[in-house]
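Here is a structure you may not have met before. Have a look at it first, and then we'll walk through it together.

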Amino acid sequence: MLFLQLLINGLQTGAIYALTAAGFALIFGATRIFHFAHGTAFTLAGYAFLFAWRADWPGWAGVLVAVAAATLFGMAMERFVYRPIQRHEGSFFTVFVAAFGVGIVVQNLIGLLAGRGLATVDTSLSFGTEVLPEIFVAPILWIAIGTAAVLFAALTVFLTRSHAGVALRALAQNPDLIRTYGLSANGLSVLAFAIGSALAAPAAIITAMTSGLNEAIGHQVMLISIAATIVGGIGSLRGAALAGLMLGVAESLALQFVDTQWAEAVSFLVLFAFILFRPSGIFGVAAAR
Amino acid sequence: MIAYLSNLATQVAIFGILAATLNFILGYAGIFSIAHAVFFGLGAYAGAQIALLLVPDVVLACIVAAAIAGGLSLCLALPALRVRGEYFVAASLGLQMVAVTLFSELKPLTGGIGGLVGIPLPTLFGVPVGVLPVALAALALILLATALLARGSFGRTLTAIRDAESAAEALGKNVAAAKTLAVGFACAGAGVAGALYALHTSFVNVESFTMDYSVLMMAMVIIGGTGTLWGPLIGTVLLLSLPAALAFLPFLPATEVGAVQQIIIGLAMTLLMIFRPAGLVGDLSRGQTTA
Amino acid sequence: MSAARGNNEAPLRCEGLARSFGGLQAVAGVSLALPAGQVTALVGPNGAGKTTLFNLITGNLRADAGTAWVRGQPITGLKPWQVARLGVARSFQDLRLFTHMTVRDNVLAATERSAWFWQPGGAAGRKRRQAAAEAALEATGLASLADARAIDLAYAERKFLSLARILAAEAEIWLLDEPASGLDLASRMRFADLLRSATRRGVAICLIEHNLDVVAELSDRIAFLDQGRVIAEGDPQSILRDPALAAIYFGDRHEPASAAAETEA
């Protein structure tokens, strides 16, 4: 029974991981920018929701604020950090340090403003009811899985059907081609950051309502996103989402054997194993070198 | 005042070693580790245990610490050989996070959250010594070693690998061995710094080996200038005097100094990368390598 | 076709090398021998598998089938750096210079093979390596630019720097990927001189080249590659005059039936 309960919890965590990882993979796939501040978008969205809730705003307003926070942050990063750096032939290192610096600033600002340590949003949605003997399911589980499913469906339609979506996928392969089709690579890049970052917002909201936030949660989110991207195969959005789901389930199931503080160690071990033995990921073909 | 200055000087020497060794893999080999504090910690715990269980001999503590940190650096080197920069950063991020959990949980070795207390004062072959002269000597030695290695054929090999790994390999260079050696050397150096730190403060716990410290070390290197000899040292002095400078701001509550310091560091890193990626010292060509 | 065995065996030869990517058979069983002191040109249309063949020989790609030998020693399965140490030097189409190092350091790095903290041979060894580096710089006309950084060089100078690295490495087998493309006439003459003095020393050279004039001027033999296999081999005149090959080369192809024949290893 414990197994089933952990599996259910794992699906919920997995849905969150899948959304976050897909956002990261989308940005990386379209722009080739290793967006190391993706975890920061998550953190900002989560705390925006938390502040809205503390101010007694209605739920939908909180969600709106959270999505806006993540989206605006992603767009601002593209415009004010990554684009200037890429203008002067920025290496991976330059991009990484700049993004990492932003993450540290945000983490500590939030620590100053919201206080350090665990912060949760408690609503009736996160209270579990016993659906089977010893199996507790909270409404938030269905919200998490439903949100993830709807968003992935919408994303798939967008990427395959819409003009901008197709262009977004083409951007990675050939930026010059995009230009000849009269689309702006800069505009598409901003779009990728907006959508990718927005995907982190629902994940952050659900996290705030379940396991809770802390100001340093961005690092963990980053680790998961990168792990999912590697495990799923670089350049594969679907792979990243699936791998995120798997990591969530694996972390949760591992709790049968180890204490909670080791949960992230599980993800790390999976990542480590993949880097060592299969750096191209499950679905990837290109070597990561 | 003398005690304060001597403490600051010791800190500068210890963090100077950390920055210099991190700079070695970061600036020359292009291996970006956010896990340097892990090896600092390994060395500190090793040095502390030697002092507690055996003798507080500073040289012995340093040697054991270097051996343990250098040996375990394979944890870092192995992924570095398999994947390119981005993924290696992720692996080191993961290593840093897991190491903090390990340090807090492995009570018999690390004393858990409480840490190891009552580390005896250091001696050298049975004679009591201060940490400062030893730390300064170690810093000088490590600066000399990094300078020699960086200017010699090993530095050329690392830079060649950083600039064009496949070409270096096509010229007969065993890339895996060179990277492993570089990482081992840098981590062993961090271990030495750890042992000195343990003997200096006579108390170590996991607080000093968190990601914040890895970030601090990285900031020292980057703000000073990667791939330069003196840059990291200048960065070290600047960042270590930051808390003292902040203490002069009357409106800042003491509990928030740490956060404000981190914000300044983060801002400095981002702004430098946008406007002056080579750091304060150093020619602009460095740090712009397209790896 | 295949190399003569015995004392005068070719320094490098391969037999049946094959490699496919997904469903695409990039190299489909290539047998080739590079004789000492000769320039062998690999010619063929785009996508014929020329660079892939280099990658299979140097160990950058693992072969699905086939073996390569350096002086009779099998090199299949060795890592690129191990192949290099057996005396196989290669250049890359995109050069892959050590961009932020000086020209001299680029060449010196080619002479220093040990990945250990220091090089073997002590002071005498260092002197020898420095001499080799200076000689390579002299021969490629880069001596006056020795202290410039590779990234600041002009196009032709970069190409010569990539050659200087190979010269300094003192290899007996050179695999050159489009070394002469984009060179002006004067540079090409210098390049030809370099190749000739190398072949006089007994170096076996294989070069990929698209410009057939350059091929005619430089090569002693031609191996014509199409769709992953050597379809003709011989002296330059007979190959370059063959109208069927010219048709394939210039894309006027009458689809040969053999395309899908060899998908299995």
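What follows is a short tour, from the contacts between chains down to a few single residues.

Keep in mind that this is a predicted model. Let's start with how the chains meet. Two pairs of chains are in contact, and chains A and B share the most contacts. That contact takes 40 residues from chain A and 37 residues from chain B. On the chain A side, H3 (59-87), H4 (92-114), H9 (217-232) and H11 (263-277) each supply at least two residues. H4(A) gives the most, with 15 residues. By class, this side of chain A divides into 29 nonpolar, eight polar and three charged residues.

Chain C has its own contact with chain B: 27 residues of chain C meet 25 residues of chain B. The elements of chain C that give two or more residues here are helix H2 (80-85), helix H3 (103-111) and helix H5 (155-169). The chain C side has 14 nonpolar, five polar and eight charged residues. And what about chain A and chain C? No contact joins them, and their closest C-alpha atoms lie 9 Å apart.

Now for what's inside. The largest nonpolar core has 295 residues, and those with the most contacts inside it are A:Ala45 and B:Leu196. The largest share of this core, 17 residues, comes from H10(B). As for A:Ala45, leaving aside neighbours within four places in sequence, its contacts are A:Ala66, A:Val67, A:Ala69, A:Ala70, A:Ala200, A:Ala201, A:Ala204 and A:Ile205.

H10(B) also has a partner worth looking at. The axes of H1 (residues 2-28) and H10 (residues 175-201) of chain B come within 8 Å and cross at roughly 170 degrees. The two helices are therefore roughly antiparallel to each other. Among the residues that meet are B:Ile14, B:Leu18 and B:Ile25 in H1(B), and B:Ala186, B:Ala193 and B:Leu196 in H10(B). By class, this contact has 15 nonpolar, four polar and no charged residues.

Another helix to find in chain B is H3 (residues 58-72). Its 15 residues reach 21 Å from the first C-alpha to the last, close to the 21 Å expected at 1.5 Å a residue. The buried residues of H3(B) include B:Val58, B:Cys62, B:Ile68 and B:Leu72. What do the buried residues of H3(B) pack against? They pack against helix H2 (36-53), helix H4 (74-82), strand S2 (123-124), helix H7 (131-151) and H10 of chain B.

Let's finish with a few loop residues. A:Asp56 has a positive phi of about 65 degrees although it is not a glycine. B:Phe125 likewise has a positive phi, near 50 degrees, and is a residue other than glycine. Most residues other than glycine have a negative phi. The third loop residue is C:Leu61, and the table shows where each one sits and how it is classed.

| Residue | Loop | C-beta neighbours within 10 Å | Class |
|---|---|---|---|
| A:Asp56 | between H2 (38-54) and H3 of chain A | 8 | exposed |
| B:Phe125 | between S2 and S3 (127-128) of chain B | 10 | exposed |
| C:Leu61 | between H1 (50-58) and S4 (65-70) of chain C | 19 | partly exposed |

Not counting residues up to four places away in sequence, C:Leu61 touches C:Arg19, C:Thr52, C:Asn55 and C:Leu56. The C-alpha atoms of C:Leu61 and C:Gly77 are separated by 9.2 Å, with the two residues 16 apart along the chain.

Definitions and conventions. Residues numbered from 1 in each chain as written. Chains lettered and ligands numbered in written order. Predicted model: local features only at pLDDT ≥ 70, side-chain atom pairs only at ≥ 80, totals over all residues. Axes fitted to C-alpha atoms, helices over the stretch in contact; angles between N-to-C directions. Helix = DSSP H or I, 4+ residues; strand = E, 2+ residues; numbered from the N terminus. Parallel < 35°, antiparallel > 145°, perpendicular 65-115°, else oblique. Contact = placed C-beta atoms within 7 Å. Nonpolar A, V, L, I, M, F, W, Y, C, P; charged D, E, K, R; others polar. Expected span 1.5 Å × (residues − 1). Buried ≥ 20, exposed ≤ 12 C-beta atoms within 10 Å, placed from the backbone. Core = buried A, V, L, I, M, F, W, Y, C linked by C-beta atoms within 7 Å.
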